Amino acid sequence: MSALLNIGLQHFLILSSVLFGLGLLTVATRRNAVAILMGVELILNAAALNFVAFSTYVHGLVAGQVFALFIIVLAAAEAAIALAIVLSIYRHFHSIDANDTSTLRD
Amino acid sequence: MNETFTAAVQQYKTINWLWLIPLFPFLGATLNGFFGKKLQDRYGKKVPHAIAIGMMTAAAIVAVAAFIELLKLPAHSRFLLDSVFPMIHIGKFHVDMAFAIDPLSGMMALIITLIGTGIHVYSTGYMSEEPSYWRFFCYLNLFVFSMLLLVLGDSFVIMFFGWEGVGLCSYLLIGFWYKEKKNATAGMKAFVVNRVGDWGFVTGLFFLFWGLGGSWSNIDKHYYPDLAEGGMPRYNVAVVDEPAGGEEAKPPAHEEALEHKGVHHESVEVGPTVVFRELRNQLSITAENGARPLADELLKKEVWGIPLVFLIGLCLFIGACGKSAQIPLYVWLPDAMAGPTPVSALIHAATMVTAGVYMIARLNFVFVMSPGAMTVVATVGALTALFAATIGLFQYDIKKVLAYSTVSQLGFMFVGVGVGAYWAGAFHLLTHACFKACLFLGSGSVIHGMHHLTHHREHAAHSGDDHGGEHDEHGAAHGDDEHKPRPQINDPRLAPDPTDPQDMRNMGGLGALMPKTKWTYLIACWAIAGFPWAAGFFSKDEILWKAFTNHSTLVPGWFIWALGLVAATCTSFYMFRSYYMTFEGRAPSAEHKEHVHESPPSITGVLIALAAACLIIGPLLGFPSAISHREPLLAQWLEPVTNLTGAYLTGARAFADNHALEFAFMALSIGVATLGWFGARALYKDIAATEARLASLRVQYANIHKLVFEKYRIDELYDATFVRAFTKGADAMAWIDANIVDGLVNLMGTLSMGAAWISGAIDKYLVDGAVNAVADLTLDAGRRIRHVQTGRINNYVLGVVVGVIILVVITSLV
């Protein structure tokens with residue numbers, strides 16, 4: 001129980017690993033472009049969580065938090081651009097299935 | 001060097017406008033050559049002849065100015081030099097583009113420009129119906145330019161430029177009506193025969209240059225006392241400013257002479273040179289004891305045991321033979337009559353053919369050193385004079401008669417220069433230029449008149465076929481019997497071709513229709529036959545007298561004289577024969593009266609001017625000293641040019657005062673001229689009456705007549721030997737070319753093709769194979785690997801994950 005109550009670094013690491021794993025799984029398995037974007041968001045947030053956790057427990061400074069802020073801003077920007085791309089893919093292919101956009105392969 | 005040398009160093013005056021004389025005709029030729037056709041098409045025929053005559057007049061004016069300038073100088077300094085620019089300076093060989101006028105070339109320049117201008121004027125009338133009028137005047141001006149270069153050139157090189165230039169123009173003008181093959185062939189013949197002569201000229205020049213030490217070796221050093229370091233050797237000489245006696249040709253006996261006259265010292269360059277003046281200067285160097293170091297050195301030289309001076313003279317004479325139509329190279333001149341008649345007058349009578357005589361007169365100081373060469377010149381001249389005169393006896397083509405007459409008269413000139421009577425040779429050159437130009441232009445006037453008649457007859461004969469309007473065949477339409485099968489005596493082919501405007505048998509009685517032409521022709525006949533007062537009397541007589549009295553040639557003088565005398569008889573006969581056959585002989589027929597008219601003033605005016613010249617220049621310039629007891633004017637004038645020859649010509653003194661003999665000779669000359677005249681008169685004055693007698697004479701002496709009529713078959717001989725030999729040689733060369741040379745070339749081609757095939761195979765299979773194999777491999781690899789790129793993001797992500805896992809595992813293991 002104490003392990004549960006005394007929340008430490010490893011908890012955060014486990015959480016971020018789970019988040020990362022879920023994100024990776026989403027990116028690797030889903031074919032919907034929006035879903036893949038969501039997976040990417042999970043991966044980014046897992047990384048941000050790691051930054052904050054390490055900053056708090058190991059370093060003791062706020063550099064990690066600043067990184068997290070940057071990551072969030074970056075993720076927002078990325079999402080905006082990625083959604084715009086998805087939109088134009090949809091307009092062109094009438095689908096947002098990532099496998100349908102493989103015309104460059106041939 | 002303690003000896004004192006003297007020399008007759010040529011004093012000269014430098015002027016800078018002499019180059020204008022040849023420039024003007026050159027400009028005229030350029031203008032007419034490049035723009036003549038356009039100008040003629042746009043503005044008519046006036047423009048080309050205005051350009052040509054204008055340029056000729058300008059050149060004549062400058063020439064006269066130069067002559068006046070010459071007259072102002074003291075006799076022995078009469079030499080104007082104009083060095084325009086340095087041309088070639090290689091080692092000892094120095095050539096400048098330089099022009100010089102001395103009494104001899106001054107005389108020539110006047111003949112060329114004045115008679116040339118007259119003939120240009122004449123041509124405006126004679127050639128008026130010619131379509132390519134501009135071309136004619138272009139060539140004519142170009143000829144005058146070349147001839148002036150020949151005459152005015154200060155060195156052999158410039159002279160040779162002119163020498164070749166006149167040959168070219170002669171070729172162009174003989175073949176002026178080139179559409180007829182016969183004319184083109186005649187031009188080619190002239191060119192080729194002249195080439196043989198040019199070979200002689202150049203060889204003689206090389207011998208001379210070499211003989212003066214031009215072998216670029218130091219073996220000759222010993223006879224140059226003042227061999228300067230790195231420069232031309234020099235002699236310091238005393239120069240007598242003005243020898244007192246014009247006649248005294250020997251350098252004055254030293255001591256007293258040097259005291260009495262103005263003397264200055266000069267240094268004379270010696271060694272190889274092509275400049276006439278320098279050549280003459282160095283050959284005139286005389287030591288106190290009378291030795292001439294350079295002349296003696298030249299005399300001593302031998303080539304293959306033959307004296308070099310003789311070889312030089314002989315080679316230069318071959319050159320002169322080619323240009324001046326002497327045996328054996330005379331054959332081109334009669335054929336050259338294929339050209340328009342003004343050309344025959346200007347080039348083939350008055351100027352170009354005298355170039356050889358001029359050259360020998362110019363080099364008198366060289367020729368006089370070799371009695372052998374002089375003998376050759378005089379003997380060949382005398383033989384040619386007689387030989388050509390006999391051929392002239394039986395010719396029917398009026399221009400052929402004049403052509404053989406020209407050859408014969410040139411022979412007389414060579415007799416003159418060959419026996420050392422340089423002024424007499426030059427004088428005959430001058431008088432011949434006048435009377436032969438007059439005769440040719442007179443014959444041209446007759447042909448011009450006759451052309452209308454024969455043209456009419458031709459139309460009548462070919463009334464069916466339509467080739468009228470061609471006026472350019474006159475002067476070219478005469479029958480040339482050289483290359484036809486030999487005519488038999490009394491053969492119908494001997495009968496006149498009624499459409500030949502030059503056949504004298506078609507003429508007769510033209511005197512009444514063309515009075516001006518008749519009288520000028522008659523005056524020129526008097527002049528050439530040598531009747532007193534007319535020009536030929538003085539010049540021919542002087543030559544014959546000098547030939548008789550000369551002691552320089554190796555054959556006796558009387559022999560040359562006798563040949564000349566017989567030739568003179570023949571001359572008189574054939575000239576009056578041509579006169580009677582053309583202008584008298586019979587009453588003009590109605591047909592003649594209808595079609596033949598006197599020529600326009602441009603033609604008759606020139607004829608009258610030349611006839612007047614024939615009457616004036618003889619007594620004016622060459623009045624014999626036997627009567628006047630003074631040197632003839634021309635002899636005085638030319639004395640500075642020939643004054644070096646006196647030291648070598650020792651003969652003639654024996655007869656110098658024998659005036660009685662000279663008068664007897666004059667009487668004899670007049671006698672033979674009269675004999676020829678009366679002979680011609682008896683046979684041809686009234687042809688209707690004498691026809692039967694002429695025919696019987698022809699039969700009686702059939703063999704001789706046939707031989708002479710066919711010109712001794714020299715052309716056939718040359719055809720059979722040289723022409724055939726060269727044609728055979730050319731055929732052999734062509735065979736070698738076609739089989740051996742081409743075979744080698746083809747073999748090389750085949751070999752190259754084989755090598756190329758091998759090289760191509762290597763390229764195709766080895767090099768290309770390697771390249772293609774690399775490409776194929778790459779393609780194949782690509783084809784296999786491209787399956788990795790599925791285009792599915794999921795696969796890529798999987799790849800990334802797997803890769804990361806592998807990396808992690810590896811890092812943790814290591």
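B:Ala325 sits in the loop between H10 and H11 of chain B, where helices (H or I, at least four residues) and strands (E, at least two) are DSSP runs, numbered from the N terminus. Keep in mind that this is a predicted model: local features need pLDDT of at least 70, side-chain atom pairs count only at pLDDT 80 or more, and totals for chains, interfaces and linings use all residues. Residues are numbered from 1 along each chain as its sequence is written, while chains are lettered from A and ligands numbered from 1 in the order in which they are written.

**Odd backbone spots in chain B**

Back to that loop. B:Ala325 is not a glycine, yet its phi is positive, at about 55°. Most residues other than glycine have a negative phi, and most peptide bonds are trans. The loop holds an exception to the second habit too: B:Ile327 and B:Pro328 are joined by a cis peptide bond, with omega at about 0°. B:Pro328 lies in the loop between helix H10 (308-324) and helix H11 (332-335) of chain B.

Is B:Ala325 buried or exposed? With 31 C-beta neighbours inside 10 Å, B:Ala325 counts as buried. The cut-offs: a residue is buried if 20 or more other C-beta atoms lie within 10 Å of its own, exposed if 12 or fewer, and partly exposed in between, with C-beta atoms placed from the backbone.

B:Trp533 is another non-glycine residue with a positive phi, near 80°. You'll find B:Trp533 in the loop between helix H18 (515-529) and helix H19 (535-549) of chain B. B:Trp533 has 12 other C-beta atoms within 10 Å and is exposed.

**A small sheet**

Chain B has 30 helices and eight strands. Three strands form an open sheet in the order E2-E3-E4 (chain B), with mixed pairing. Strand E2 (13-14) and strand E4 (93-101) of chain B stand at the edges with a single partner strand each, so one side of each is left without a neighbour in the sheet. Here, two strands pair if DSSP finds at least two bridges between them. Strands of a sheet pair through backbone hydrogen bonds, either parallel or antiparallel.

E2(B) and E3(B) pair in the parallel sense over two bridges. Strand E3 (residues 80-90) of chain B and E4(B) pair in the antiparallel sense over nine bridges. E3(B) and E4(B) also make a hairpin with two residues between them, and B:Gly91 in the turn has a positive phi of about 55°.

Some facing pairs to look up:

| Residue | Opposite residue | Strand of the opposite residue |
|---|---|---|
| B:Lys13 | B:Leu80 | E3(B) |
| B:Leu81 | B:Ala100 | E4(B) |
| B:Phe85 | B:Met97 | E4(B) |

**Domains and cores**

The domain assignment splits chain B into domain 1 (7-228 + 300-369), domain 2 (374-385 + 402-455 + 488-709) and domain 3 (714-795); such bounds come from an automatic or database domain assignment. The C-alpha centres of domain 1 of chain B and domain 3 of chain B lie 54 Å apart.

Which residues have the most contacts inside the largest nonpolar core? They are B:Val377, B:Ala437, B:Cys438, B:Ala524 and B:Cys614, in a core of 237 residues. Helix H17 (residues 422-461) of chain B gives the most to this core, with 19 residues. Domain 1 and domain 2 of chain B both give residues to this core, so it lies between them. A nonpolar core is a set of buried Ala, Val, Leu, Ile, Met, Phe, Trp, Tyr and Cys residues joined through C-beta atoms within 7 Å.

Leaving aside neighbours within four places in sequence, B:Ala437 is in contact with several residues, including B:Ile115, B:Ala349 and B:Leu610. Two residues are in contact if their C-beta atoms, placed from the backbone, lie within 7 Å. A second, separate core of nine residues includes A:Leu19, A:Leu44, A:Ala46 and A:Ala53.

**Chain A and where it touches chain B**

Chain A has four helices and zero strands. Its C-alpha trace spans about 55 × 30 × 20 Å along the principal axes. Of the 106 residues of chain A, 20% count as buried; for the 814 residues of chain B, the figure is 49%.

Ten residues of chain A are in contact with nine residues of chain B. Helix H2 (residues 9-29) of chain A gives the most to the chain A side, with four residues. By class, that side has six nonpolar, three polar and one charged residues. For these classes, Ala, Val, Leu, Ile, Met, Phe, Trp, Tyr, Cys and Pro count as nonpolar, Asp, Glu, Lys and Arg as charged, and the others, Gly among them, as polar.
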